[in-house]
Amino acid sequence: MRRYHVTTFGCQMNSHDSERIKGMLESLGLGEAAAPDEADIVVFNTCTIREKPDTKLAAYLGDAGARKRENPELVIAVGGCYAEAQRERIFDLYPQVDVAFGPGSIPHLAEWVGAGGVGVERGRFGTHEHFAGDLPQRRERRVHAWVQVSMGCNSTCSYCIVPAVRGREQSRRAGDIVAEVARLAADGVREITLLGQNVNSWGRDLPPGLRTEFGELLRACDAVDGIARIRFTSPHPKDFRAPVIAAIAECDAVCEHIHLPLQSGSSRILKAMRRTYSRERYLQLVERLRAAIPDLALGTDIIVGFPGESEDDFRQTLEVVEAVRYDSAFTFIYSPRQGTDAAAMADQVPDPVKHERLERLVEVVQRIARERNAERVGRVEQVLVEGPSRTDASLLRGRTRRNTTVNFSGGAQIGELVDVLVDGATSTTLRGRIATAVPA
């Protein structure tokens, strides 16, 4: 049996794409190799949002190239956003690569790498705009599934390369999405996460007779029997309109957890980023969300060191973090991406300043997250059981509706909903013990 290995970089959308790649290759008779050096086909599903993944990929491709010199039959495929960004020169940069493909051409990968019994089409680059939702899927988690609802983005954030590598926004038809959710529920999935580059703007580009909005999609997924929890990522603050907020508040399965990217707390920097909202509008949205959705947990993304960011701009970011009191945050150092407007801006912030600001931001974020989690001690939280704890095999692990990981004692099966009495907390996790079972 020929074997494959997939290495995934980047976001949840890439994780979903990799599950489709694996499912497609296995449907054609390939088995998964435990490590790249045991595979006949190695696939790198790449990210190019920041510089670090690019650097890691170069090292991985160097290792793969060395193995290919020893075994010329080894097939090397590079997909995802980096491949799309470098499509004009990827085979010059990395001559060991046989096939490259953009995020929208996953359905054609099997034929290009010879998985269907046809010879490898070396030097082939594919960039077709196809959803991967109809492909077989090899899920990494039994009770959770990613569901792609759109691809691409129509926003023009000055620092972001996503529109260039994933194209204009395209929405899947609601009927196709709900049918996939129903199939997943029948297969034992209890929790779905709806995926899109700008997920809450879904539906506006559909044909007139099918055009709808994201709140209606949430309601349709909520009506599917067997789905206990619904999440979505990544949204844009500008698209949290009243119908979307109402659907989140009113749908039983939609979780009280929203990822609400901030990027900067300075209105001046937000304008330079072309985020289309100000600090004040963002804080007003937070107030509306918390008024409509009791016990809401908020996560965010924050970039430090954007071109022209002054110490006062950064201070304003810290002020927003303190005011909102996020439950979690992904924090990033600004990384220039070739082809974006921000990369050509004057006043690039020196690296030592970026790193010093990141350290200060992380300290504040972790302190607040620790305080927020400490507030849950003594409460009973509903937890979806995902498996054994990663740190203590005697405990179980799961997540609350607010998306906090819980390690807890007691007996339960994967996929069950259980009540857990919380008796301890850190900045990232809770711990506790089962109280009573929650009716399915």
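This text describes a three-stranded sheet, the helices packed on it, and one buried threonine. The model is predicted, so local features need pLDDT of at least 70 and side-chain atom pairs count only at pLDDT 80 or more, while totals for chains, interfaces and linings use all residues. Residues are numbered from 1 along each chain as its sequence is written, and side-chain values use heavy atoms, with hydrogens and water left out.

The sheet is open and parallel, with strands in the order E7-E10-E11. Strands (E, at least two residues) and helices (H or I, at least four) are DSSP runs numbered from the N terminus, and two strands pair if DSSP finds at least two bridges between them. E7 (144-148) and E11 (229-233) are the edge strands; each has a single partner strand, so one side of each lacks a neighbour in the sheet. From one strand to the next, the twist averages 25°. Strand E10 (residues 191-195) is joined to E11 by five bridges, and Ile 192 stands opposite Ile 230 in E11.

Helix H1 (residues 12-27) packs on this sheet and touches E7, E10 and E11, where contact means heavy atoms within 4.5 Å. The direction of H1 makes about 100° with that of E7. Angles run from 0 to 180 degrees between N-to-C directions, and axes are lines fitted to C-alpha atoms, for helices over the stretch in contact. Helix H7 (residues 174-186) also packs on the sheet, touching E7 and E10, with its direction at about 165° to that of E7.

Thr 300 lies in strand E13 (residues 297-304). Thr 300 has a relative accessible area of 0% and is therefore buried, a term for values under 20% (1.4 Å probe, protein chains only). The Thr 300 side chain reaches the backbone nitrogen of Leu 262 at 2.9 Å. Beyond four places in sequence, Thr 300 touches residues including His 259, Leu 262, Tyr 282 and Phe 330.

Conventions: Buried < 20%, exposed > 50% of the residue type's maximum accessible area, 1.4 Å probe, protein only. Polar contact = N/O pair within 3.5 Å; in protein donor to acceptor, adjacent residues only side chain to side chain.
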